[in-house]
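Notebook open, coffee poured. Today I am looking up how the strands line up and what packs on them.

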Amino acid sequence: MPAPKKSAVRIRCYRQGFGDCFLLTFDTGKAQPCRVLIDCGLWPTGPAHTATMQKIAEDIVEQTGGKVSAKKKGVVDVLVVTHEHWDHLSGFNQARVIFEKLLTVRQVWLAWTERPKGKDSLADTLRKDYEKKKKAARRLQAALQALESSPGFSASNARALQQLDSLLGFFGAVGGKADPVGAMKFIREEWVGPTRSYYDPGQLPELPGVPGVRTYVLGPPRDEKKLRRESSEKHGALYELFFGLTEEDSLLAALGALDEDVARFRDVEEVGKPFDLAHRHPIDLAAAQPESALPAGLREDFTRRYGAPDNAWRRIDADWLNAGGALALRLDKGINNTSLVLAFELPDGRVLLFPGDAQLGNWESWHDPTLSWKSREPGGKDIVARDLLARTVFYKVGHHGSHNATAQDLGLELMTHPDLMAFVPISHQMALDNGWDRIPLKGLVKRLRERAKKRVWFATEYTKDGKDFRNPNIDKIDELTTTEKAALKKAVQVDPLWIDFNL
């Protein structure tokens, strides 16, 4: 990988774990570079994680010309906020005092989906739909929590509740501890000083003082169907076939019956029940007082079978609520697909791709025939997403390496540059602790390593098996020549808090 004589950009990838935070420093040819901060967050919550994000905030201040000890402010020319999720925004809550007092932000770039209420009808529609689903998810969470002491609360119910708690935390639905809405409000309305811009696909926002670098806005799409497209059954769309669940659709329909507008006209106790009231008996009452709740002929059978403590694992009283995990995932993906996607083209034509957590529909929209740009030279040719992907040398892997956040034939397989490298903002251990044992997806990791000649870095190395997701030892990358290894050692510096890529 021949390195340029002088780095056009330094990409500092912070190693906080399960979250995104990137500081890009572009050479301007002058004393002052242009600095771009993309997101700043970490999941889960807790005092240790707050301390980590405060440490990162201080490093950002120092790296942008500030001095924490002297209370001298750093300067970020552009703050890019990809989407409203805690693992991308938490730092703006956890380290808000540091950012407010010690960092000047001149511009904030947001997706069109974040336009203020009344400024974009589709953005308003998406927000309304999102709030409705979030309300349903909260009701479901409360229903599962209320069942925890019930004999009918199964192990699968417990897993569903854990998944709901974890995923709802990404968008501030658990006890107010995680508050991306508040963090976004701070960025969008309360942080004094920066100008705010909202971008649509096809635009070319300009980095201040960097005429040789071009910024392409690829997503999110303005097509509502694509915004809602998260998975596909088509071979070649993703690195693992994903047959969309239908449980969440039924669950939303059932929970929709609890909506006030519906409850006016229907008996909400009867909605979604598989049996007529005459043939039902309250399970908890039957377990506590079977003689009063069951016909005489069923008392002994109930006590010996369904009501027996040893058989509690067989019961399915509340299993319909287990689709809550799928509902939470849909909420999670719905916001992910609104990610602001940027491709930075360096003066020599190389491209840095930052897709946020864009899901399949977002990726597919980049290839819309109407989405193109004119090349730099007068009368130049049209540039399309396929061109940018072919010249990508740095790929920030979407959504921590999940199964549907890196397109296959329309994504990674088009990244054919021989110098391709990738960074996955993941702590596999944090994922395992939350029950997400398929993040990152092993098949995707395998293909990333093949495409990038094993030059794939991860935010943290540790995993339970101790081997699958370790960062590469450059000397042991057999795919590289001696010259390429030497260049890579100069291009990549590693610290416990960050990994720097000098390109």
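Which residue in strand 5 does valine 78 stand opposite? I looked it up, and the partner is glutamine 107. A reminder to myself before going on: this is a predicted model.

**Entry 1: the strands around that pair**

I then checked the two strands concerned. Strand 4 covers residues 74–80 and strand 5 covers residues 103–111. They run parallel to each other, and I found 6 bridges between them.

Next I traced the sheet they belong to. It is an open sheet of 8 strands with mixed pairing, and I noted the order as 6-5-4-3-2-1-16-15. At its edges I found strand 6 (195–199) and strand 15 (492–494), each with pairing on one side only. From one strand to the next, the twist averages 20°.

**Entry 2: helices on the 8-stranded sheet**

What does helix 1 touch when it packs on the sheet? My list for helix 1 (residues 47–63) reads strand 1 (9–14), strand 2 (21–26), strand 3 (34–40), strand 4, strand 5 and strand 16 (498–502). I also noted its direction, which makes about 165° with that of strand 1.

Helix 7 (residues 180–190) was my next stop. I see it lying across strand 4, strand 5 and strand 6. Relative to strand 6, helix 7 runs at about 115°.

**Entry 3: the 6-stranded sheet**

I moved on to another open sheet, this one of 6 strands in the order 7-8-9-12-13-14, again with mixed pairing. Strand 7 (214–219) and strand 14 (456–458) are the edge strands, each pairing on one side only. The twist here averages 15° from one strand to the next. Helix 18 (residues 442–451) packs on this sheet and touches strand 12, strand 13 and strand 14. The direction of helix 18 makes about 135° with that of strand 14.

**Entry 4: a closer look at strand 12**

Is strand 12 mostly covered or mostly open? For residues 392–396 I noted mostly covered, with 5 of its 5 residues buried.

I went through its neighbours one by one. Strand 9 (residues 351–354) runs parallel to strand 12 and is joined to it by 3 bridges. Strand 13 (residues 421–424) also pairs with strand 12 in the parallel sense, over 3 bridges.

Which residues stand opposite phenylalanine 394? I found leucine 352 on the strand 9 side and methionine 421 in strand 13. A nice residue to end the page on.

Notes:
Residues are numbered from 1 along each chain as its sequence is written. This is a predicted model: local features need pLDDT of at least 70, side-chain atom pairs count only at pLDDT 80 or more; totals for chains, interfaces and linings use all residues. Side-chain values use heavy atoms; hydrogens and water are left out. Two strands pair if DSSP finds at least two bridges between them. Helices (H or I, at least four residues) and strands (E, at least two) are DSSP runs, numbered from the N terminus. Axes are lines fitted to C-alpha atoms, for helices over the stretch in contact, and angles run from 0 to 180 degrees between N-to-C directions. Contact means heavy atoms within 4.5 Å. Buried means under 20% relative accessible area, exposed over 50%, partly exposed in between (1.4 Å probe, protein chains only).
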